[in-house]
Amino acid sequence: MFTQPAYALVATDLDGTLLRSDDTVSARSRAALARATSAGARHLIVTGRPVPGIRALLADLAYEGLVVCGQGTQVYDAGSARMLSSVTLDRELADTALGKIEAEVGPVFAAVDQDGPEGRTLIEPGYRMPHPTLPAQRTRHRRELWEAPVIKVLVRHPRLTDDELATAARAVVGELATVTMAGPGTVELAPYGVDKGTGFVLAAEALDLDPAGAVAFGDMPNDLPMFRRSGHRVAMAGAHAELRAVADEITLSNDDDGVAVVLERLFGQD
């Protein structure tokens, strides 16, 4: 007789959660995810990275399910290599939001993730990629960031901490954009009202699953909207204080296979 799994959906963030510091997924984590899926659960990746930034990882994992990318702006079907939904950030509003932020805290450095499965990451002079292994193209002027549709803007400040920058940005941006901190070194502007939670719900609906039947793993404030919609919330060791405050449990770090530890308890071990 088939036994319903403890959770029908396993939602995992990537950076700082499923991925180790060297941007790989351990053999133990792979085995634990395989055990969960063999028990009947679906694995859903929910990441701030855009589709082009994770395609190689999906191939390495032989992952053919749905993926929520770009802080919820994209829902991508890895199996068919097809974008199911995409929400862009109005470029005029984005430029206005940057101007308001700079009026409040002084000059910032910006980058954008372009729309589409082949969209590029463009970085203006002075911007430093938080993940140097991810592909990015440097521009000569900020205006070049707006030459094609974008899904989000990444912002860095030369002196303020991520928390300080995110707080200041939220205070002045208002309804121009959704401000989130995916850190470290990653404060982002997405279309207003769009976040990992909205993308997570869209993907769950496409899978005909209830988001409340999910166990979710994360480490940064951008995972909060996903946590609020999940049945069981697991923060990684060293997770941001905002996430730890709402978590149902705290597991080991990403380098210590924290995701696998919880999945082995929930779904057993081979």
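**Strand β13 and its neighbours**

Biologist: In this predicted model, are the residues on the two faces of strand β13 (residues 232–235) buried or exposed?

Modeller: In a regular strand the side chains alternate between the two faces of the sheet, so each face has to be examined separately. On one side of β13 lie H232 and V234, while R233 and A235 lie on the other. Both faces are covered, and these four residues, H232, V234, R233 and A235, are all buried.

Biologist: Which residue of β13 is the bridge partner of V215?

Modeller: Strand β12 (residues 214–218) runs parallel to β13, and 4 bridges join the two. Between these strands comes helix α7 (residues 224–229), and together β12, α7 and β13 make a right-handed β-α-β unit. Within β13, the partner of V215 is H232.

Biologist: Which residue of β14 is the bridge partner of A235?

Modeller: Strand β14 (residues 249–250) pairs with β13 in the parallel sense over 2 bridges. From β13 the chain crosses through helix α8 (residues 241–246) to β14, in a β-α-β crossover that is right-handed. In β14, the bridge partner of A235 is I250.

Biologist: How many of the 10 residues of helix α9 (residues 258–267) are buried?

Modeller: The buried residues of α9 include V259, L263 and F267, and the buried residues of this helix pack against β1, α1, α2, β12, β13 and β14. Helix α9 is largely enclosed by the rest of the structure, because the number of its 10 residues that are buried is 7.

How values were computed
Residues numbered from 1 in each chain as written. Predicted model: local features only at pLDDT ≥ 70, side-chain atom pairs only at ≥ 80, totals over all residues. Heavy atoms only, no water. Buried < 20%, exposed > 50% of the residue type's maximum accessible area, 1.4 Å probe, protein only. Pairing = 2+ DSSP bridges. Right-handed = clockwise from strand over helix to strand, strands pointing away. Contact = heavy atoms within 4.5 Å.
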